[in-house]
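Biologist: I am new to this one and would love a guided close look at a single part. Could you take me through it step by step?

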Amino acid sequence: MIADTLILIFLAIGLVFNALGVIGLLRFPDVYTRLHASTKATTFGSIFLFLGVVVFAISQYLGTSDSQYLMVITHTIIAMFALAITNAAGSHAIARAAHRNGQKPQQAVVDKLAEAGL
Amino acid sequence: MIDIFGITALLVILIAFGALVRLVIGPTVPDRVVAVDTINTLTVAVMILLGVVYQQYIFIDVAIVYALLSFISTLYVAKYIGGEL
């Protein structure tokens, strides 16, 4: 009973943050703000979707004590760590490539990266 | 309980179509790369949710492999448009 409520809450949080990330991707003005919105919001939302799956597997394991649900729990947590680490590094690589490609932030006041000659 | 995961997977797919709009209309190349990166993240989530819906828990391993391979492709495209290859 409490597991069902927890799963609903986690899935709702995940859906709301994924939707906010994509709305930010559609409405922000330049590539850096779009990257900021979409990467952070979709990583957070996907982690909560995975937490919903983990809670579901824990409740099923406590009900049936079937050992395949232990595999579901560990592999979902592995996928969660892989996604959290690779999304941050990938967004860093995209932002650096966009700066090297000549993209300027809109309404930028100071660009210390270009002043340093990087 | 399984139905809720199915509905969530359907809604995440609908959200991914919003990122597809940015992929089509994005004015510059890095915008399109950001859109592809977002779609990859949502695809990993959909794979895990559908693995629970169809009771095929081996799909979760596919999601792990997809997350790592999409990271490699993102790094490759970022190196290319940054002029470092």
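Which residue follows α3(A), and what is the sign of its phi? Please start there, then show me the side of chain B that touches chain A.

Modeller: Happy to! Please keep in mind that this is a predicted model. The residue that follows α3(A) is G102(A), and its phi is positive, near 100°. The helix before it, α3 of chain A, covers residues 68-100, which is 33 residues. From its first C-alpha to its last it reaches 48 Å, close to the 48 Å expected at 1.5 Å a residue.

Part of that helix also appears in a record. An unreviewed UniProt entry places the feature "transmembrane region" at residues 6-29, 41-63 and 69-90 of chain A. In the model, residues 69-90 of chain A are 100% helix and 0% strand, with end C-alpha atoms 31 Å apart. Residues 41-63 of chain A are likewise 100% helix and 0% strand, and there the end C-alpha atoms are 33 Å apart.

For chain B, UniProt, again in an unreviewed entry, gives "transmembrane region" at residues 6-25, 32-52 and 58-78. Residues 6-25 of chain B are 100% helix in the model, and their end C-alpha atoms lie 30 Å apart. Residues 32-52 of chain B are 100% helix too, with 31 Å between the end C-alpha atoms.

Now to the place where the chains meet. Here 43 residues of chain B are in contact with 44 residues of chain A. Together the two chains bury about 3,800 Å², and 76% of that is on carbon and sulfur atoms. On the chain B side, R22(B), V34(B) and Y57(B) lose the most area to chain A, together 16% of what that side buries.

There are polar links as well. The rule finds three salt bridges across this interface. One pair of side chains that meets in a salt bridge is R34(A) and D31(B), at 2.8 Å from N to O. Eight residue pairs are in polar contact across the interface, counting those with both residues at pLDDT 80 or more.

Which parts of chain B make up its touching side? Helices α1 (2-25), α2 (29-53) and α3 (59-81) of chain B each supply at least two residues. The largest share, 14 residues, comes from α2(B). Sorted by class, the side of chain B that touches chain A has 29 nonpolar, eight polar and six charged residues.

Notes: Residues numbered from 1 in each chain as written. Chains lettered and ligands numbered in written order. Predicted model: local features only at pLDDT ≥ 70, side-chain atom pairs only at ≥ 80, totals over all residues. Heavy atoms only, no water. Contact = heavy atoms within 4.5 Å. Buried area = accessible area lost by both parts, 1.4 Å probe. Salt bridge = Lys/Arg side-chain N within 4 Å of Asp/Glu carboxyl O. Polar contact = N/O pair within 3.5 Å; in protein donor to acceptor, adjacent residues only side chain to side chain. Helix = DSSP H or I, 4+ residues; strand = E, 2+ residues; numbered from the N terminus. Nonpolar A, V, L, I, M, F, W, Y, C, P; charged D, E, K, R; others polar. Expected span 1.5 Å × (residues − 1). UniProt positions renumbered as here; feature names shortened; annotations may be inferred.
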